[in-house]
Amino acid sequence: TVASDLDSNRELVQDGVTGRLVGTDDPAELTEALDGLLADPDSTLRMGEAAEADMARRWNWDHVVGDLEAVYQRVQ
């Protein structure tokens, strides 16, 4: 994943671990990130695997249900 360095994306992408974050107005940085991923398929694979594991850990049904339950508790 290559994503803009925005608050919402920082919650999902750990730069250099689960993907790359780049400046929102920096086409050169975007190009560099994409070129780097294309040039290093092993690193790209590791980041993809790390992203998959992170999403499975953070967004499993138990986690989602727990978060939803917490919202219901707050609004009661």
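Is Arg 10 buried, partly exposed or exposed, and what is its relative accessible area? Arg 10 is partly exposed, with a relative accessible area of 41%. The structure shown above is a predicted model, and this report describes its overall form, its salt bridges and its surface patches.

**Overall form**

The protein contains 4 helices and 2 strands. Followed along the sequence, these elements appear in the pattern β-α-β-α-α-α. The radius of gyration of the protein is 16 Å, whereas a compact globule of 76 residues would have a value near 11 Å. Along the principal axes, the C-alpha atoms fill a box of roughly 50 × 30 × 10 Å. Of the 76 residues, 17% count as buried.

Two pairs of residues illustrate how separation in sequence and separation in space may be set side by side. Ala 33, which has its place in helix H2, is 39 residues from Tyr 72 in sequence, and the C-alpha atoms of Ala 33 and Tyr 72 are 41 Å apart in space. Ala 33 is classed as buried because its relative accessible area is 0%, and the term buried applies to values under 20%. The second pair consists of Leu 45 and Thr 18, which are 27 residues apart in sequence and 9.7 Å apart in space, again from C-alpha to C-alpha. Leu 45 belongs to helix H3, which covers residues 41-58. With a relative accessible area of 51%, Leu 45 is exposed.

**Salt bridges**

Side chains of opposite charge can pair when their charged atoms come close. In this model the count comes to 5 salt bridges. The following table presents three of them, with the N to O distance for each.

| Residues in the salt bridge | Distance, N to O |
|---|---|
| Asp 5 and Arg 10 | 2.6 Å |
| Asp 7 and Arg 10 | 2.4 Å |
| Arg 57 and Asp 54 | 2.6 Å |

Arg 10 takes part in a salt bridge with Asp 5 and in another with Asp 7. Asp 5, Asp 7 and Arg 10 are thus linked in a network of salt bridges. Within this network, Asp 7 and Arg 10 are 3 residues apart in helix H1 (residues 7-10), so about one helical turn separates them. The accessibility of the members can also be stated. Asp 5 is partly exposed, with a relative accessible area of 34%, and Arg 10 is likewise partly exposed, at 41%. Asp 7 counts as exposed, at 57% relative accessibility.

How many residues apart are Arg 57 and Asp 54 in helix H3? They are 3 residues apart, about one turn of the helix. The side chains of Arg 57 and Asp 54 meet in a salt bridge of 2.6 Å. Arg 57 is exposed, with a relative accessible area of 52%, whereas Asp 54 is buried, with a relative accessible area of 7%.

**Surface patches**

Two patches on the surface may be described, one nonpolar and one negative.

Which residues make the nonpolar surface patch? The patch is made by Leu 68, Val 71, Tyr 72 and Val 75, and its area is about 390 Å². One of these residues, Val 71, is found in helix H4, which covers residues 61-75. Val 71 is partly exposed, with a relative accessible area of 35%. Val 71 therefore passes the accessibility cut-off for a patch residue, which is over 30%. Tyr 72, another member of this patch, is the residue already named as lying 41 Å from Ala 33, C-alpha to C-alpha.

The negative surface patch is formed by Asp 25, Asp 26, Glu 32 and Asp 35. Among them, Asp 35 lies in helix H2, which covers residues 27-39. Asp 35 is partly exposed, with a relative accessible area of 45%. Helix H2 is also the place of Ala 33, which is buried, with a relative accessible area of 0%. Helix H2 thus holds both a partly exposed residue, Asp 35, and a buried residue, Ala 33.

Terms used:
Residues are numbered from 1 along each chain as its sequence is written. This is a predicted model: local features need pLDDT of at least 70, side-chain atom pairs count only at pLDDT 80 or more; totals for chains, interfaces and linings use all residues. Side-chain values use heavy atoms; hydrogens and water are left out. Patches are made of residues with over 30% relative accessible area and no salt bridge: like charges are joined within 9 Å, nonpolar side chains (Val, Leu, Ile, Met, Phe, Trp, Tyr) within 5 Å. Accessible areas come from the Shrake-Rupley method with a 1.4 Å probe; for residues, only the protein chains shown count as cover. A salt bridge is a side-chain nitrogen of Lys or Arg within 4 Å of a carboxyl oxygen of Asp or Glu. Buried means under 20% relative accessible area, exposed over 50%, partly exposed in between (1.4 Å probe, protein chains only). Lys and Arg count as positive and Asp and Glu as negative; His and the chain ends are not counted. The place of a charge is taken as NZ of Lys, CZ of Arg, CG of Asp or CD of Glu. The radius of gyration is taken over C-alpha atoms; the globule rule is 2.2 Å times the number of residues to the power 0.38.
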